[in-house]
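Student: Please take a close look at a single part of this structure. I should like one connected account of it, with the reasoning made explicit.

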Amino acid sequence: EFQKRVGIRRAELCKLCRNDFVIDESGYPCVRVKRGKGGKMQLQRILPDDVEFVKEYFDGTESRVFSSEEMKNKIDYHHMRAVQAVRAYRYYSEKICLEPGYQKKLETEIIKRWNCYNLDKNGKPKRFDKSEISGTYKIRGENKKLALKKGLPIEYSRLAVMAVSVFHLSHWRLDVTVSNYLLAV
């Protein structure tokens with residue numbers, strides 16, 4: 001149930017401590033992964049409906065959330081990660097459509113996260129390409145065939161996909177988010 005609401009990698013679940021419930025740079029509750037893929041620290045936002053459930057796993061101590069025995073299983077955590085990505089995409093795309101001003105707010109939050117974690121050798125934020133969060137992401141080729149076969153959309157909001165990629169998957173890539181997560185369920 002925890003993984004269905006957080007969606008981190010198996011190795012990250014194994015290392016998660018009870019003091020890893022934090023607030024991000026924009027004021028949102030997150031699970032902190034101290035050493036994620038590539039050894040980088042990442043913050044996984046928690047969707048509003050899941051905050052209270054997830055928070056119950058954390059008590060501020062340095063003990064592990066899950067024992068090594070609990071993690072010895074054949075559960076497909078990547079599938080749960082994909083399901084969480086789809087839930088997050090729906091959340092962001094609905095808010096973009098229904099809440100005036102949310103699109104601009106979300107753009108600002110993505111750029112703020114970029115500026116915190118994508119620094120050059122001098123410690124200055126690298127340039128962010130705003131085209132990554134503008135317009136529509138259109139699926140092509142084999143992925144388009146797969147989406148049509150599964151009855152899934154072939155066009156996605158770039159902004160909502162990037163929000164999922166940044167805040168829930170820590171990828172920063174639209175193509176990976178769509179092909180490996182949104183089309184995987």
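**Helix α8 and the loop before it**

Tutor: Helices α4 and α8 are oblique to each other. This is a predicted model, and in it α4 (residues 77-98) packs against α8 (residues 174-182) at an angle of about 120 degrees, the axes being 9 Å apart. The term oblique follows because angles of 65 to 115 degrees count as roughly perpendicular and those over 145 as roughly antiparallel, so an angle of about 120 degrees falls into neither class.

On the α4 side, the residues in contact are His-78, Arg-81, Ala-82, Ala-85, Val-86 and Tyr-89, and they meet Asn-180, Tyr-181 and Leu-182 of α8. By class, six nonpolar, two polar and one charged residues make up this contact.

Helix α8 has a further partner in α7 (158-169). The axes of α7 and α8 come within 9 Å and cross at roughly 80 degrees, which means that the two helices are roughly perpendicular. From α7, Arg-158, Val-161, Met-162, Val-164, Ser-165 and Leu-169 take part; from α8, Leu-174, Thr-177, Val-178, Tyr-181 and Leu-182. Eight nonpolar, two polar and one charged residues form the contact of α7 with α8. Tyr-181 and Leu-182 thus belong to the α8 side of both contacts, that with α4 and that with α7.

The loop between α7 and α8 deserves attention next. Most residues other than glycine have a negative phi. Ser-170, which lies in this loop, has instead a positive phi, near 60 degrees. Trp-172 is also placed in the loop between α7 and α8, and its phi is likewise positive, about 65 degrees, although Trp-172 is not a glycine. How buried or exposed are these two residues? Ser-170 has a relative accessible area of 21% and is therefore partly exposed; Trp-172, at 22%, is partly exposed as well. Both values lie just on the partly exposed side of the limit, because buried means under 20%.

The loop also leads to the largest pocket, whose volume is about 360 Å³. Thirteen residues line this pocket, and those closest to its centre are Lys-40, Met-41, Gln-42, Ser-170 and Trp-172. Strand β3 (42-45) and helix α5 (102-117) are the elements that give two or more residues to the lining. By class, the lining has five nonpolar, four polar and four charged residues. Ser-170 and Trp-172 therefore combine a positive phi and partial exposure with a place among the residues closest to the pocket centre.

Terms used
Residues are numbered from 1 along each chain as its sequence is written. This is a predicted model: local features need pLDDT of at least 70, side-chain atom pairs count only at pLDDT 80 or more; totals for chains, interfaces and linings use all residues. Side-chain values use heavy atoms; hydrogens and water are left out. On a 1 Å grid over the protein atoms alone, a cavity is a set of points where a 1.4 Å probe fits but cannot get out, and a pocket is an open set with protein on both sides within 12 Å along at least five of seven lines; lining residues have an atom within 4 Å of a point. Grid points are joined across faces, edges and corners, and a volume is the space filled by probe spheres set on the points. Helices (H or I, at least four residues) and strands (E, at least two) are DSSP runs, numbered from the N terminus. Ala, Val, Leu, Ile, Met, Phe, Trp, Tyr, Cys and Pro count as nonpolar, Asp, Glu, Lys and Arg as charged, and the others, Gly among them, as polar. Axes are lines fitted to C-alpha atoms, for helices over the stretch in contact, and angles run from 0 to 180 degrees between N-to-C directions. Angles under 35 degrees count as roughly parallel, over 145 as roughly antiparallel, 65 to 115 as roughly perpendicular and the rest as oblique. Contact means heavy atoms within 4.5 Å. Buried means under 20% relative accessible area, exposed over 50%, partly exposed in between (1.4 Å probe, protein chains only).
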